[in-house]
Amino acid sequence: MEAIQPTLTPVVITSVSADAPQALIIAFCNREDMFSRGRLTAALSIVLASLFCASRSAAQDRPLRQSASERQFLIGAAVAMSPFRNEPAYQQTLGREFNIIVAENAFKWDSMHPTRNTFNFSDTDALVDFAESHGMKIRGHTLVWHNQVPDWLRNGGFSRDEVISILREHILTFVGRYRGRVWAWDVVNEAIDDSTAALRTSSFWYQIIGPDYIRLAFQFAHEADPDAILYYNDYSIEGLNAKSDAVFNLVRDLKTDGVAIGGVGWQMHQVNGFRIQPANQTNARRLGDLGLQISITEMDVRINLPTTPDKLAQQALAYRDTIEFCLSEPNCKALVTWGFTDKYWWIPGFFSGWGDALPLDTNYQLKPAYYSLRDVLEQGLDFTPRLTGVSREGKKLLVAGEKFESGAQLFINGEKQKKVSNDSDNPSTLLVAKKSGKTVKSGDIIQVKNPGGVGSNELIYP
Ligand code: GLA
């Protein structure tokens, strides 16, 4: 290990691959101790890192959802109720970063339909309200799945007709309650069996109702909310294989029969090392040709522990590929990760020795995977604020324009104004300066700067 440079956090350098410089520098900006054996000179690494950090910090506060929304793209995460209710940083991060959420468990049968005659809407209401008050969309996950079927139903000895009527009541009550408020529903989850690439015959739904349960569920969901986008969702169907072929055939037949299916969800639970392949594009396009959209619905990229900087850099490539892919396929509408912080994540319970699969670490710090998502989302977007008009309202100065970011500053004749806030109803188009109205006079030059220092055009006060 080679100790270098006196003034910044001590770093040493690992082997450098084609993708490495950016990853190294990202880690440097995050103050991770990732450089361990020297190839670049210390001086060069410091210069590169300083330059990169400077431009990165300029964009430091711009959340994923801002650029995603500008592209009309949905970036989201699954929500676990316990931290949602108990940990302020969890909710704050969710609201700041994402424009769509999905419940990890709260929308499943065993959570919200615990007995035959009881629906528990406390968590589902909380999530739908949260999404609405934060200008987010919500995915409903899931209406029919072979897991998390409550015991009262599974062991209730109900006849086929009774189960169909229970399913109908469940869907009409649940989907109906949020009619017009849930963007998309995973109507059926994981109906295809991995080993046979045919319908999963061991599923409770299949066993009691038979294969028709799928179209019945779509029919009931459409009846309950004709405007929601209805999805079929599954894992290991992102590429081309026997299972994705089976899903393709299933959804093609549903479409042919006039069933109101609108999309296919690719769960995208991946192992580190995953890269997007041409087969992903072929699969997306054949679904697109059926008139179906796709969403990445449960992405995570699990790392074989212990995590190292190289593994994080590798993970960032998986996220980078996936967001690039999704943005370049017109029918890909959303990328949702299954959780967002490594602090709360389902894998440790399922795959021991694996973890750290999400874009934020256990302390809510942004990982290389996060920066990959953000870099790609921001590519080609113009974040320059534009000033279109200034008016006075007593002591207040109202500054109208576009692309004002949270924390934007107002300058009059080059002097930074105090007590400036974004108008909460129109945060990106209106700044309100509480006192500046008192002092502004004709001929003064007005300018707005976003937190990263990007300045608008200058406007002369009339
Ligand atoms: C599947 C389900 C999710 C979640 C994960 C992890 O992917 O669709 O709801 O339960 O398994 O457990």
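How many of the residues in strand β1 (residues 74–79) are buried? Six of its six, so to speak a strand that is mostly covered. Before going further, keep in mind that this is a predicted model.

Let's stay with β1 for a moment and look at its neighbours. On one count, β1 is joined to strand β9 (residues 332–337) by four bridges, and the two strands run parallel. β1 also pairs with strand β2 (residues 100–103), again in the parallel sense and over four bridges. A good residue to click on here is Ala77. Its bridge partner in β9 is Thr337, while in β2 the bridge partner of Ala77 is Ile101.

Now for a helix that is also mostly covered. Helix α16 spans residues 368–378, and 10 of its 11 residues are buried. Among the buried ones are the aromatic-looking pair of names Tyr370 and Tyr371, and the list also includes Arg374 and Glu378. After α16 comes Gly380, whose phi is positive, near 80 degrees.

Gly380 is a glycine, but a positive phi also turns up at residues of another kind. Glu190 has a positive phi of about 60 degrees although it is not a glycine. You'll find Glu190 in the loop between β4 (184–189) and α10 (204–209). Is Glu190 buried or exposed? Glu190 counts as buried, because its relative accessibility is 9%, and the cut-off for buried is under 20%. The loop between β4 and α10 also holds Ala197. Ala197 is not a glycine either, and its phi is positive at about 55 degrees. With a relative accessible area of 21%, Ala197 is partly exposed.

While we're on the backbone, have a look at two peptide bonds. The one from His141 to Thr142 is cis, with omega near 5 degrees. Thr142 belongs to strand β3 (residues 137–144). Another cis peptide bond joins Leu305 and Pro306, where omega is about 5 degrees. Pro306 lies in the loop between β8 (293–304) and α14 (309–328).

Next, the charged side chains. Side chains of opposite charge can pair when their charged atoms come close. How many salt bridges does the structure hold? The count is 24, and a few of them are worth visiting.

Start with Asp257 and Arg215, whose side chains meet in a salt bridge at 2.7 Å, N to O. This pair links distant parts of the chain, 42 residues apart: Asp257 is in the loop between α12 (242–256) and β6 (263–266), and Arg215 is in helix α11 (residues 213–224). Asp257 counts as partly exposed, because its relative accessibility is 48%. Arg215 is partly exposed too, with a relative accessible area of 31%.

Then there are Arg252 and Asp253, whose side chains form a salt bridge at 3.4 Å, N to O. Arg252 has a relative accessible area of 31%, so it is partly exposed. Asp253 is partly exposed as well, with a relative accessible area of 35%. Elsewhere, salt bridges that share partners tie Asp194, Arg200, Asp234 and Lys243 into one network.

Let's zoom in on one link of that network. The side chains of Asp194 and Arg200 meet in a salt bridge at 3.9 Å, N to O. Asp194 is partly exposed, with a relative accessible area of 40%. Arg200, on the other hand, is buried, because its relative accessible area is 10%.

To finish, turn to the surface. Which residues gather there in a patch of positive charge? They are Lys395, Lys396, Lys418, Lys419, Lys434, Lys435 and Lys438. Pick out Lys438 from this group: Lys438 sits in the loop between β16 (430–433) and β17 (445–449). Its relative accessibility is 53%, so Lys438 counts as exposed, given that exposed means over 50%.

Technical notes. Residues numbered from 1 in each chain as written. Predicted model: local features only at pLDDT ≥ 70, side-chain atom pairs only at ≥ 80, totals over all residues. Heavy atoms only, no water. Patch = residues over 30% accessible without salt bridge, like charges linked within 9 Å, V, L, I, M, F, W, Y side chains within 5 Å. Areas by Shrake-Rupley, 256 points an atom, 1.4 Å probe, with all protein chains shown as cover. Salt bridge = Lys/Arg side-chain N within 4 Å of Asp/Glu carboxyl O. Lys, Arg positive; Asp, Glu negative; His and termini not counted. Charge placed at Lys NZ, Arg CZ, Asp CG, Glu CD. Buried < 20%, exposed > 50% of the residue type's maximum accessible area, 1.4 Å probe, protein only. Pairing = 2+ DSSP bridges.
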